[in-house]
Amino acid sequence: MSSLQFNSLLLDISNQLTEKQLEDLKFLCGDMLGKRELEKISSGVRLFQLLTERRKLGADNTDCLSRFLTQIQRQDLAERLESFESFESFESQAEASDDLPDKEERDKLGIATEVIVENLGRNWRKLGRRLGLTEVKIDSVSKRHPTDLEETTRELLKEWRRSRGAQAQTQELIQALRTCMLNRTADQVEDSLPSC
């Protein structure tokens with residue numbers, strides 16, 4: 001993930017904040033930023049820039065902002081931020097490790113993940129079991145995103161990819177979907193792949 005992608009995410013988050021939510025965020029940042037600086041902030045973008053300058057925010061350091069977003073009742077934005085950091089961490093591991101599928105297979109897995117996330121719905125636990133994840137892992141995934149099925153499914157597939165390492169294959173996902181009688185989703189995955 002590039003800093004451009006991270007900045008785009010921050011811009012999107014800024015655009016979704018109401019004036020009251022921005023004021024609440026500024027209040028929560030009171031210990032990190034001076035009073036004069038806080039008074040000059042008129043947008044989320046400016047707040048994020050100052051937090052970045054103070055090394056309180058970065059593509060690999062989203063905990064503080066994520067916590068603040070949760071405190072102002074914007075769990076949806078906090079989850080997007082956490083997903084970005086989690087995905088970035090997974091991608092950097094993928095580039096640095098020999099224990100992961102080759103680039104072509106990783107690309108296919110990425111496409112398959114997006115299709116499954118959009119179509120799986122409440123059957124994510126069934127798929128997780130079929131992919132060999134333990135109940136403990138499945139419960140852990142559930143607790144991370146209790147109200148968002150798409151994020152839960154994305155997290156489940158990340159856990160599966162981590163557990164399988166270089167053995168993670170798109171065909172295994174498709175077969176697991178078919179075994180779970182999720183043939184429509186399996187067909188959509190196959191149709192979305194460049195060559196399957």
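Begin by selecting helix H7 (residues 103-119) together with helix H10 (residues 149-164), whose axes come within 9 Å and cross at roughly 150 degrees. Because angles over 145 degrees count as roughly antiparallel, H7 is roughly antiparallel to H10. As you turn the view, keep in mind that this is a predicted model, and that H7 passes H10 in a right-handed crossing. To see which side chains bring the pair together, show Arg106, Leu109, Gly110, Thr113, Glu114, Ile116, Val117 and Glu118 in H7, which meet Glu150, Thr153, Arg154, Leu157, Trp160 and Arg161 in H10.

**The other partner of H10**

Keep H10 on the screen and add helix H9 (residues 135-144), which packs with H10 at an angle of about 145 degrees, the two axes being 9 Å apart. The crossing of H9 and H10 is again a right-handed one. On the H9 side the contact is made by Lys137, Ile138, Val141 and Arg144, and on the H10 side by Thr152, Glu155, Leu156 and Glu159.

Now pick out lysine 137, which has its place in helix H9. Is lysine 137 buried, exposed or partly exposed? Its relative accessibility is 39%, so lysine 137 counts as partly exposed. If you draw a distance from the C-alpha atom of lysine 137 to that of tryptophan 160, the viewer should show a separation of 9.5 Å, although the two residues are 23 apart along the chain.

**Stepping back to the whole chain**

Zoom out until the whole protein is visible, and colour it by secondary structure: there are 12 helices and 0 strands. Of the 196 residues in the protein, 44% are buried. The accessible surface comes to about 11,000 Å², and carbon and sulfur atoms account for 46% of that surface. If you consider contacts between residues at least 6 apart in sequence, 62% of them join residues at least 24 apart.

**The largest core**

Next, move to the largest nonpolar core, which has 26 residues, and select those with the most contacts inside it, namely Leu25, Leu33, Leu47, Phe48, Leu65, Leu69 and Leu81. Several helices contribute to this core, since at least two of its residues come from each of helix H1 (3-16), helix H2 (19-28), helix H4 (44-53), helix H5 (63-71) and helix H6 (75-96).

Which residues does leucine 81 touch, when neighbours within four places in sequence are left aside? Centre the view on leucine 81, and you will find Phe6, Leu9, Leu10, Ile13, Thr62, Leu65, Ser66 and Leu69 in contact with it. While you are here, highlight Cys64, Leu65, Ser66, Phe68 and Leu69, which are the buried residues of H5.

**Two loops beside H5**

Follow the chain to the loop between H4 and H5, where leucine 57 lies. Leucine 57 is buried, because its relative accessible area is 4%. Not counting residues up to four places away in sequence, leucine 57 touches Phe6, Leu10, Phe48, Leu51, Thr52, Thr62 and Leu65.

Arginine 55 is also found in the loop between H4 and H5, but arginine 55 is exposed, with a relative accessible area of 72%. Its backbone deserves a look as well, for the phi of arginine 55 is near 60 degrees, a positive value in a residue other than glycine. Most residues other than glycine have a negative phi.

Continue past H5 to glutamine 73, in the loop between H5 and H6. Glutamine 73 takes a positive phi of about 65 degrees just after H5, and it too is a residue other than glycine. Is glutamine 73 buried or exposed? With a relative accessible area of 67%, glutamine 73 is exposed.

**A second core and the last stop**

Return once more to the largest core of 26 residues. Apart from it lies another core, of 24 residues, among them Ile116, Ala168, Leu173 and Val189. You have already selected Ile116, as one of the H7 residues that meet H10.

Finish at threonine 185, which is found in helix H12 (residues 183-192). Threonine 185 has a relative accessible area of 5%, so it is buried. Show its surroundings, leaving aside neighbours within four places in sequence, and you will see threonine 185 in contact with Val115, Ile116, Asn119 and Leu177.

Methods: Residues are numbered from 1 along each chain as its sequence is written. This is a predicted model: local features need pLDDT of at least 70, side-chain atom pairs count only at pLDDT 80 or more; totals for chains, interfaces and linings use all residues. Side-chain values use heavy atoms; hydrogens and water are left out. A nonpolar core is a set of buried Ala, Val, Leu, Ile, Met, Phe, Trp, Tyr and Cys residues joined through side-chain atoms within 4.5 Å. Buried means under 20% relative accessible area, exposed over 50%, partly exposed in between (1.4 Å probe, protein chains only). Helices (H or I, at least four residues) and strands (E, at least two) are DSSP runs, numbered from the N terminus. Contact means heavy atoms within 4.5 Å. Accessible areas come from the Shrake-Rupley method with a 1.4 Å probe; for residues, only the protein chains shown count as cover. Axes are lines fitted to C-alpha atoms, for helices over the stretch in contact, and angles run from 0 to 180 degrees between N-to-C directions. Angles under 35 degrees count as roughly parallel, over 145 as roughly antiparallel, 65 to 115 as roughly perpendicular and the rest as oblique. A crossing is left-handed if the near helix is turned anticlockwise from the far one by less than a right angle, and right-handed if clockwise.
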